[in-house]
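Student: I would like to work through this structure with you step by step, reasoning from the fold down to single residues. Could you show me the sequence and the model before we begin?

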Amino acid sequence: MYLVICYAVHDKEIVSINKFDNWEQAMNFLLADASNTYKETKENIIDHEDVECIIKDNFAQLLADDGEYTWTWHAVKMPD
């Protein structure tokens, strides 16, 4: 089993935990969710240039408003 955990750093809470059967599904979800959140944030924030999304390996981070809003995503494999 694989999990993708989304955490809202600015709210100090887990936003979602999604389960997947394989690594490819987990990574596809991570990429899609981070990309969709980036697009939504960019549309809704006053300074459209102040949104940054970093995706590397099994991790994504979205920063907005000079870091006032931050979300992270982690894909992890659960032990058998």
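Tutor: This is a predicted model, and a good place to start is helix α1 (residues 23–44), which lies across β1, β2, β3, β4 (59–64) and β5 (69–77) and runs at about 175° to β5.

Student: Which strands do the buried residues of α1 pack against?

Tutor: The buried residues of α1 are A26, M27, L30, A34, T37 and T41. They cover an arc of only 105° around the axis, which puts them on the same side of α1. On the other side of the helix, E24 and E43 are exposed. The strands that the buried residues of α1 pack against are β1, β2, β3, β4 and β5.

Student: How far apart are the end C-alpha atoms of α1, and what should its 22 residues span?

Tutor: The expected span is 1.5 Å times one less than the number of residues. For the 22 residues of α1 this rise of 1.5 Å a residue should give 32 Å, and the value from the model agrees, with the end C-alpha atoms 31 Å apart.

Student: In what order do the five strands form the open sheet, and which of them stand at the edges?

Tutor: The pairing in this open sheet is antiparallel, and the order of its five strands is β2-β1-β5-β4-β3. Neighbouring strands of the sheet are turned by 10° against each other on average, with direction ignored. A strand with a single partner has one side left without a neighbour in the sheet, and so the edges are β2 and β3 (51–56).

Student: How many bridges join strand β1 to β2, and which residue in β2 is the bridge partner of A8?

Tutor: Strand β1 (residues 2–8) and β2 run antiparallel, and seven bridges join them. Within this pairing, the partner of A8 in β2 is E13.

Student: Which residue takes a positive phi in the hairpin of β3 and β4?

Tutor: Strands β3 and β4 run antiparallel and are joined by six bridges, one of which can be placed by I54, whose bridge partner in β4 is Q61. The hairpin has two residues between its strands, and the residue with a positive phi, near 55°, is D57.

Student: Which residue in the turn of the β4 and β5 hairpin has a positive phi?

Tutor: Six bridges join β4 to β5, and these strands run antiparallel, with W71 in β5 as the bridge partner of L62. Four residues lie between the two strands of this hairpin, and the turn residue with a positive phi of about 55° is D65.

Student: Which residues make up the covered face of β4, and which the uncovered one?

Tutor: Strand β4 is among the elements that the buried residues of α1 pack against. Its covered face is made up of A60, L62 and A64, while the uncovered face is F59, Q61 and L63.

Student: Where is I45 found, and is I45 buried or exposed?

Tutor: I45 is found in the loop between α1 and β3. Leaving aside neighbours within four places in sequence, I45 is in contact with D50, V51, A64 and D65. The C-alpha atoms of I45 and L31, 14 residues apart along the chain, are separated by 21 Å. Buried means under 20% relative accessible area, and with a value of 10%, I45 is therefore buried.

Student: What separates the C-alpha atoms of I17 and L31?

Tutor: I17 is found in strand β2 (residues 13–20), where its contacts, apart from neighbours within four places in sequence, are L3, V4 and I5. At 48% relative accessibility, I17 counts as partly exposed. I17 and L31 are 14 residues apart along the chain, and the separation of their C-alpha atoms is 14 Å.

Student: How many disulfides does a search of the whole structure find, and how far from C6 is the nearest cysteine sulfur?

Tutor: The search finds zero disulfides. At 4% relative accessibility C6 counts as buried, whereas C53 is partly exposed, with a relative accessible area of 26%. A disulfide needs a pair of cysteine sulfur atoms within 2.5 Å. For C6, which is in no disulfide, the nearest cysteine sulfur is that of C53, at a distance of 11 Å.

Definitions and conventions. Residues numbered from 1 in each chain as written. Predicted model: local features only at pLDDT ≥ 70, side-chain atom pairs only at ≥ 80, totals over all residues. Heavy atoms only, no water. Buried < 20%, exposed > 50% of the residue type's maximum accessible area, 1.4 Å probe, protein only. Contact = heavy atoms within 4.5 Å. Pairing = 2+ DSSP bridges. Axes fitted to C-alpha atoms, helices over the stretch in contact; angles between N-to-C directions. Arc of directions from axis to C-beta.
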